[in-house]
Amino acid sequence: MSITSHYYGRTQNGEEIYQYILENAAGMRVAVIEYGCVITNIWVKDNTGELRDVALGYSKLEDYELGGVFGAFIGRYANRIEKSRFTLDGKTYELEPNNGPNHLHGGICGFDKRVWDASIEEQSVMFHRLSPDGEEGYPGNLDVRVTYTFTDDNRLLLQYRAETDADTVVNLTNHCYFNLSGEGKGTIRNHILRIPAESFTENDADCLPTGTVLSVEGTPFDFRESKEIGRDMDVDCPQLRNGKGYDHNFILDGGDGEKVAAELYSPDTGIAMTVRTTMPGVQFYSGNVLDGPVGKSGVPYETNM
């Protein structure tokens, strides 16, 4: 296991950004940068031994500043908050709207648009930042650490820690888009997916949770047995119409503690991925509104890529 770093680019504000490359004993590599704690690359071996980058993203820093949230660390709050406000301890907090009237992924300048302090700690890279009270409308100073570790048995571990000096809300995640056939290598519709969940949360037309829990039984959302992502994607279903595909939280089986959230496989490359989490749910998004941003390989990302 080794970690190296090199200069990656300079932000529009003149801040130097470095990239850290974690390489394991098998020669597989993960690359992350100080801007947004972005995972820029994940190189893993396919069934022929060739290294393939399976993480969507950009080739230069400027695109991460101007573009979407490929591979980024999301906070203070992942997903949408309706009408950009919440009430806590009897007080209503107004947040920055950036998704129509709603607040998405931490706001206009969320954690994905911030520069983080990085340090190498044994076999990991740790990023740290203090989000000040009132940032994007959230209460409390929030001291945040995210640690990336890549092991010799090909596990990429993401660990989050946040401490606050006031009551607040926080929901942290990573926003990596995966194509196990290789970045820029076409659709994910033929990928084989399993999600061990008997239910999922209903969305309204704006992809906001309604609070209703729906059973996956007899619906396109039943991934309890492995199936192609695209098999039921074109079924006329209100929930699929609302999300323009899959963009839903699945309530995981397995109770408390670490559990399997999803298993994904590409028949094109033989590359398989298992996602495990200690959280109660996983958001499955099938790339429904990708509108042609040009990725690392020079190929525009289209819907379901």
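**Strands, cores and unusual backbone angles in a predicted model**

R76 sits in the loop that connects β6 (73-74) with β7 (80-81). The model is predicted. The peptide bond leading from G75 into R76 is cis, and its omega lies near 5°. Most peptide bonds are trans.

Two further loops hold unusual backbone angles. K83 is found in the loop between β7 and β8 (85-88). This residue is not a glycine, yet K83 has a positive phi of about 55°. N154 belongs to the loop between β13 and β14 (156-164). N154 is likewise not a glycine, and its phi is positive, at about 65°. Most residues other than glycine have a negative phi. The relative accessibility of N154 is 39%. Buried residues fall under 20% and exposed ones over 50%, so N154 counts as partly exposed.

Strand β12 spans residues 124-131. Six of its eight residues are buried, so β12 is largely enclosed by the rest of the structure. Strand β11 (residues 117-121) runs antiparallel to β12, and five bridges join the two. Within this pairing, S119 stands opposite M126 of β12. β11 and β12 form a hairpin with two residues between the strands. In that hairpin E122 takes a positive phi, near 55°.

β12 also pairs with strand β13 (residues 142-150). This pairing is antiparallel too, and eight bridges make it up. Here L130 of β12 faces a residue of β13: L130 stands opposite D143.

The nonpolar residues were examined next. In soluble globular proteins, nonpolar side chains tend to be buried together. The largest nonpolar core in this model has 46 residues. F73, I195 and F250 have the most contacts inside it. Among the contributors to this core, β13 gives the most, with five residues. Apart from this core lies another, of 18 residues. Its members include Y8, L56, L61 and Y177.

F250 shows what such a residue touches. Neighbours within four places in sequence are left aside here. F250 is then in contact with I195, A197, S199 and F200. Its contacts also include V216, F221 and F223. P280, G281, V282 and F284 are in contact with F250 as well. One of these partners, I195, is itself listed with F250 for the most contacts inside the 46-residue core.

Terms used:
Residues numbered from 1 in each chain as written. Predicted model: local features only at pLDDT ≥ 70, side-chain atom pairs only at ≥ 80, totals over all residues. Heavy atoms only, no water. Buried < 20%, exposed > 50% of the residue type's maximum accessible area, 1.4 Å probe, protein only. Helix = DSSP H or I, 4+ residues; strand = E, 2+ residues; numbered from the N terminus. Pairing = 2+ DSSP bridges. Core = buried A, V, L, I, M, F, W, Y, C linked by side-chain atoms within 4.5 Å. Contact = heavy atoms within 4.5 Å.
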